[in-house]
Amino acid sequence: MRRIISILLENESGALSRVAGLFSARGYNIESLTVAPTDDESLSRMTIVTSGTDAIIEQITKQLNKLVDVVKLRDLTEGRHLGRELMLAKVAAVNKDQKEEIKRLVDIFRGRVIDVADSTYTLEMTGSSEKVDAFLDELSRVELIEVVRSGTLGIGRGKNALKM
C-alpha cells in the first residue's frame with residue numbers, strides 16, 4: 001500500500017542523509033522524497049512516499065521516530081489529506097497542428113504553457129500523481145523531450161496539521 005509520511009526534522013546538515021540511510025539500510029524503497037525549510041528556520045519538512053504492508057510501514061515510522069533529527073512524524077494516509085505533485089515537461093512543437101494539440105491538452109488538464117521557443121513548449125502541471133500520469137499519457141501523441149517531476153507533497157486537511 002502506498003503511504004505518504006510527513007516529517008518535521010531539524011534543519012541541519014546530514015539530516016536528509018540519515019533518513020535516506022535508514023531506508024537503504026533496511027531495503028525499503030522511497031518512491032519520492034521532497035524536503036525544504038519551513039516557516040521556522042530551525043526545521044525542515046520532509047515528505048516521503050513509500051509503500052509496504054502495514055507492518056513494514058509501522059517499522060519504518062518507528063525507526064524514523066528514533067532518529068535524533070526527527071522532531072515530529074505523521075503518516076498522512078491515516079487521515080484526511082491532500083497530495084499534489086508538480087511536473088515540468090518540454091515537448092516538441094514544430095508545426096501548427098502539434099501546437100494546437102498541446103494547447104488543447106494543457107487546457108483540458110488545467111496546466112500552463114510556461115515557455116515557448118521556436119520548436120518547443122515547456123508545460124507546467126500540478127495535481128495528484130494520477131492526474132500527472134494521465135496528462136503524460138495524453139502527451140504521448142507528441143515528442144516528449146524532457147520530463148521533471150517533484151514527487152508528492154502532502155498536507156492534512158482541515159485543522160489536521162504537522163506543527164510544533
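This is a conversation about two helices and the largest pocket of a predicted model.

Visitor: What makes the span of H1 close to the expected one?

Guide: Helix H1 (15-26) has 12 residues and reaches 17 Å from its first C-alpha to its last, while 16 Å is expected at 1.5 Å a residue. The expected span is 1.5 Å times one less than the number of residues, and the reach of H1 is close to that value.

Visitor: Why are the buried residues of H1 said to line one face of the helix?

Guide: The buried residues in H1 are Ala15, Val19, Leu22 and Phe23, where buried stands for under 20% relative accessible area. Seen down the axis of H1, these buried residues fall within an arc of 90°, and therefore they line one face of the helix. The face turned away from that buried side carries Ser17, Ser24 and Ala25, which are exposed, a word that calls for over 50%.

Visitor: What covers the buried residues of H1?

Guide: The cover includes E1, E2, E3 and H2, and contact here asks for heavy atoms within 4.5 Å. Just after H1 comes Gly27, which takes a positive phi of about 75°.

Visitor: How do you know that the buried residues of H2 are on the same side?

Guide: In H2, which runs over residues 54-66, the residues Ile57, Ile60, Thr61, Gln63 and Leu64 are buried. They cover an arc of only 165° around the axis, so they are put on the same side of H2. Turned away from that buried side is a face with the exposed residues Asp54, Ala55 and Lys66, whereas the buried residues are covered by elements that include strand E1 (2-10), helix H1, strand E3 (43-51) and strand E4 (70-75).

Visitor: What lines the largest pocket?

Guide: The largest pocket, with a volume of about 310 Å³, is lined by 19 residues, of which Leu8, Thr38, Asp39, Arg45 and Leu162 are the closest to its centre. To count as lining, a residue needs an atom within 4 Å of a point of the pocket. Strand E2 (30-37), E3, strand E5 (81-92) and strand E9 (153-156) each supply at least two residues of this lining, and E2 gives the most, with four residues.

Visitor: How many residues of the lining of the largest pocket are nonpolar, polar and charged?

Guide: The lining has 10 nonpolar, four polar and five charged residues. Among the residues closest to the centre, Leu8 and Leu162 count as nonpolar because Leu belongs to that class, while Asp39 and Arg45 count as charged and Thr38 as polar.

Definitions and conventions:
Residues are numbered from 1 along each chain as its sequence is written. This is a predicted model: local features need pLDDT of at least 70, side-chain atom pairs count only at pLDDT 80 or more; totals for chains, interfaces and linings use all residues. Side-chain values use heavy atoms; hydrogens and water are left out. Buried means under 20% relative accessible area, exposed over 50%, partly exposed in between (1.4 Å probe, protein chains only). The arc is that of the directions from the helix axis to the C-beta atoms. On a 1 Å grid over the protein atoms alone, a cavity is a set of points where a 1.4 Å probe fits but cannot get out, and a pocket is an open set with protein on both sides within 12 Å along at least five of seven lines; lining residues have an atom within 4 Å of a point. Grid points are joined across faces, edges and corners, and a volume is the space filled by probe spheres set on the points.
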